[in-house]
Amino acid sequence: MSSQITCVGWVGRGVAKETPDKVELSQEELQRIIAEAKEELGDLAAEEEEEEDDEGISSDPNSNITEAAEAPKDGNKDEQEEEDELAEYGLDKYDEEDTVASNLGDSLAGLTVFSSNDEDPYVTIKDTDQYEREDFQIKPSDNLILTGRAEKDCCNLEIHIYNSEEDSLYVHHDILLPAYPLCVEWLNFDPNPGEGPANYAAVGNMTPQIDVWDLDVVDCLEPVFSLGSKKASKKKKKSKKGAAAEPVEGHTDAVLDLSWNKLVRNVLASGSADESVILWDLTQGKPATTLRRQTDKVQTLSFHPFEAQTLLAGSYDKTTVLYDCRSPDNSHRTWRFSGQVERLVWNHFSPCNFLASTEDGFVYCLDARSDKPVFTLRAHDEEVSGLDLSSQIKGCLVTASADKTVKIWDILGNKPNLVHSRDMKMGVLFCTSCCPDQPFVYAFGGQRDGLRVWNISDVATVAEVFGNRERLVVNAGSQASSSATTAEMEVS
């Protein structure tokens, strides 16, 4: 299996520390981490044994004897065939030394060694460390791109550096993840009192636990803090077997999506395969509220950019629920669609409207005050797994799909028109996200070929349609109070 990019997110310019810190573990800390890892592996092994015992796996001993007796016959045939095929290459004599001896002096005659690179005239780059230091340093004009990468034997959170002025893109550092990543969300809230804005990434994965990592620290082995517990899924399994259910703080299944509240910065929402949405209080590291209005996996969430209390949740049960988080049980609204809801995004240029994409290829635009859609668009032949509006260009919508294509739409005036379509040659596409500082730059993740960054304005038709459209810079006010309900818009 080639590496997959399962989720992607951006970090704005000027947020990251210019020179990230490097972790230096003491011997005691290293021993503690190793001991905890061993304990966790032991718990997993014990859990697997319990499951095997419960399933009552048994085998016929006589059949094992028969198989063992027959195996050598087949094995001998295979070995004989391999020997016949390899005989022509003479590999059995591979290690025998040649009889012709060489003079050591002859082989070293033309070898000249310089004491340093400064003396060697053929080495033009004298100080390679300088270039490494420059690559390690993060410039004010750099954006970070966060990607969840999944390979056959490991999973990572990769932190890329993207600089549009220099047209450069490279992996700055990566973080080893404990499980298959499903979603990533940047946030700048530090729960420690007295600390300033942070540079964190919350990652949801196939376990019930959400890990929050410090992006300004390189070579870290542990998250800054975690929400929920991996053991919650074990408690759920035990309760299914008839034992008394223990109270669980957090989810009991995989975390499918995350949404951070930029207005009330200590609130993070998570949607899970356990059919619930949890609002986490990051100050306490505990759930503040649990929302259970949907009957299947909740796989997409989106806080309103200007109304702190408003949250959208989309589910496998083909519904989207709009919550007023001040009184979610009494104040909510539900829409039903033609398929499972894949992605939700608020229209920051028209704050009452939001977009929803579904597994059957449709994109719906809805007014939060009305039951009927503003427009319905058959965007793709398969599920629309990526959906994002330009950060600054009004009406510019980009969709990505399992049909392997990316499409660019003009939805100005609520009349969607296809501007451009492209096969990205990445297999099935999983995600897309627009750069907060460059309105035409999008990042894509898919089944193969890693991260792809595309400036869509390089396409002539895109430049023609959107090139002269005014840019609106939305200031949602990440430092604003919870009472903030409107956006300030500046025309540049």
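**Exercise 1.** About how many Å² does the protein expose, and what percentage of it do carbon and sulfur atoms supply?

Solution. The structure is a predicted model. Its exposed area comes to about 26,500 Å². Carbon and sulfur atoms supply 46% of that area.

**Exercise 2.** Describe the protein as a whole by its secondary structure, burial and contacts.

Solution. Step one, secondary structure: there are six helices and 31 strands. Step two, burial: the protein has 492 residues, and 43% of them count as buried. Step three, contacts: of those between residues at least 6 apart in sequence, 49% join residues at least 24 apart.

**Exercise 3.** Locate Ile34, classify its accessibility, and state which surface patch it helps to make.

Solution. Start with the position: Ile34 belongs to helix α1, which covers residues 27–55. Next, take the relative accessibility of Ile34, which is 38%. Partly exposed is the class between under 20% and over 50%, so Ile34 counts as partly exposed at 38%. Finally, Ile34 joins Leu30 and Leu221 in a nonpolar surface patch of about 240 Å².

**Exercise 4.** Is His251 buried or exposed? Give its location and the polar contacts of its side chain.

Solution. First, His251 sits in the loop that runs between α5 (232–240) and β11 (255–260). Second, its relative accessibility is 0%; because buried means under 20%, His251 counts as buried. Third, the side chain of His251 makes a polar contact with the side chain of Asp274 at 3.1 Å. The His251 side chain also makes a polar contact with the side chain of Ser276, at 3.3 Å.

Methods: Residues are numbered from 1 along each chain as its sequence is written. This is a predicted model: local features need pLDDT of at least 70, side-chain atom pairs count only at pLDDT 80 or more; totals for chains, interfaces and linings use all residues. Side-chain values use heavy atoms; hydrogens and water are left out. Patches are made of residues with over 30% relative accessible area and no salt bridge: like charges are joined within 9 Å, nonpolar side chains (Val, Leu, Ile, Met, Phe, Trp, Tyr) within 5 Å. Accessible areas come from the Shrake-Rupley method with a 1.4 Å probe; for residues, only the protein chains shown count as cover. A salt bridge is a side-chain nitrogen of Lys or Arg within 4 Å of a carboxyl oxygen of Asp or Glu. Helices (H or I, at least four residues) and strands (E, at least two) are DSSP runs, numbered from the N terminus. Buried means under 20% relative accessible area, exposed over 50%, partly exposed in between (1.4 Å probe, protein chains only). A polar contact is a pair of N or O atoms within 3.5 Å; within protein, one must be able to donate a hydrogen and the other to accept it, and residues adjacent in sequence count only if both atoms are side-chain atoms. Contact means heavy atoms within 4.5 Å.
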